[in-house]
Amino acid sequence: MVEVDTAVESAAGPLNAILCTPVGPARGGLVLSDGSGPADRFAWQGLPEWLARHGIATLRHDKPGCGGSPGDWRRQTLADRAAEGLAALTALRKQAGVERAGLIGYSQGGWASLLAAVTGPEQVDFLITIGGPYVGAEEQERALLARVMRRRGLSGGSVEAGLAWADERAARLRAGEDPAEVHADQHELAGKDWAAVVCDRPYDTVEELGFFARMLAFDPAAVLPFVQCPLMAFFGADDEHVPVERSLVVLGERLPGRHRGTNGVAVLPGVGHMLYPVPPRDDRPRFEQLSPGFLPTLQAFLDRAAP
């Protein structure tokens, strides 16, 4: 493989990026889109190298404000993230000389990649999501908070009270209320036994509440019918962050059938959101420690989508 430094143009300015290509000609390309929170171009733990060995060029880039790049990811909309993905695809095609290229998004990066595929259908030849919910942010986060509170042994009444605040917080932010006002009211709840879950990251600062507010308008179910390219969705069966069963229902009901022979869904047993069966070790490449079903299934999809 060959890696070179490059950049992706964005509304925040040029984002530092890394282009990874096979030694020989690439048969296709993928732009890698990270999940929520800060992330830089050095993420993805060896997956670009594995893809290069299988003939796929990749481009991965910093989020704004990370890795020395300008901007602040907390001020983005999902449309900003989707635009970055499309700009990265343009750069990938030009620099790697590939015709067929797509997007692979982890967690919230799946939302960004899905939106990019709908807003720029002529640019996205295939789409892969990993742990990407096919429900909106409010439903996804509500399910997560409920699971965490129950796992921590909170009473049924405490779980209901915590979810009531989560519902109120989302409703107020969706209605356009200043995140600083919501944050101030939330601060008064610090003594509640559920606050350590419901009011903790990523809800504990005004900036991240503002970011959450901007995510609330996106509904994956509403855009799925407009996907024009093959889609592969990966889930961990034990994913605490994503309502997997509900996401499968949405995919079954809303994903168009035009690529029925190429579309795919894989629910990998015994793994959670990160797709690791056990906590990863530092003495082995991370991608080799993923669910044993992940890489073969990914390769099979890419063989169909980018032959």
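Colleague: Which residues of β5 cover one side, which the other, and are they buried or exposed?
Modeller: Quick term first: buried means under 20% relative accessible area, exposed over 50% and partly exposed in between, with a 1.4 Å probe and protein chains only. In a regular strand, side chains alternate between the two faces of the sheet. Here A101, L103 and G105 sit on one side and G102, I104 and Y106 on the other, and both sets are buried.

Colleague: Before we go on, what kind of model is this, and how are residues numbered?
Modeller: It's a predicted model, where local features need pLDDT of at least 70 and side-chain atom pairs count only at pLDDT 80 or more, while totals for chains, interfaces and linings use all residues. Side-chain values use heavy atoms, with hydrogens and water left out, and residues are numbered along each chain as its sequence is written, from 1.

Colleague: How many of the residues of β5 are buried, and where does that leave the strand?
Modeller: β5 covers residues 101–106. The strand is largely enclosed by the rest of the structure because the buried count is six of the six.

Colleague: Which strands pair with β5, and in what sense?
Modeller: Two strands pair if DSSP finds at least two bridges between them. β3 (residues 28–33) runs parallel to β5 with five bridges, where V31 has L103 as its partner. With β6 (residues 127–130) there are four bridges, G105 being partnered by T129. That pairing with β6 is also parallel.

Colleague: How many helices and strands does the chain have?
Modeller: Both are DSSP runs numbered from the N terminus: helices are H or I with at least four residues, strands are E with at least two. The chain has eleven helices and eight strands.

Colleague: What radius of gyration does the chain have, and what would a compact globule have?
Modeller: The radius is taken over C-alpha atoms, and the globule rule is 2.2 Å times the number of residues to the power 0.38. The C-alpha trace spans about 60 × 45 × 40 Å along its principal axes, and 54% of the 307 residues count as buried. For 307 residues the rule gives a radius near 19 Å, which agrees with the chain's own 19 Å.

Colleague: What share of the contacts with a separation of 6 or more is between residues 24 or more positions apart?
Modeller: Contact means heavy atoms within 4.5 Å. Of the contacts with a separation of 6 or more, the share from residues 24 or more positions apart is 72%.

Colleague: Which side chains of β8 are buried, and which are not?
Modeller: β8 (residues 264–268) pairs in the parallel sense with β7 (residues 231–236) over five bridges, and M232 is partnered by G264. Its side chains alternate: V265 and V267 point to one face and are not buried. The other face has the buried ones, G264, A266 and L268.

Colleague: Which residues does L298 contact, beyond its neighbours within four places in sequence?
Modeller: L298 lies in α11 (residues 294–305) and is buried, at 0% relative accessible area. F234 is 64 residues away in sequence, yet the C-alpha atoms are 9.0 Å apart. With sequence neighbours set aside, the contacts are L47, W50, L51, I128 and F234.

Colleague: Where is the cis peptide bond?
Modeller: Most peptide bonds are trans, and most residues other than glycine have a negative phi. The cis one has omega near 5°. Its proline is found in the loop between α7 (195–198) and α8 (206–215). The bond runs from R201 to P202.

Colleague: What phi values do W44 and S107 have?
Modeller: W44 sits in the loop between β3 and α1 (47–53), and S107 in the loop between β5 and α3 (108–119). W44 is buried at 13% relative accessible area, and S107 counts as buried at 13% too. Neither is a glycine, yet phi is positive: about 85° for W44 and near 55° for S107.

Colleague: Which residues does H61 contact, leaving aside its neighbours within four places?
Modeller: H61 is in β4 (residues 56–61) and counts as buried, at 9% relative accessibility. Its contacts are V8, L15, N16, A17, D34, D40, R41, E84 and A88.
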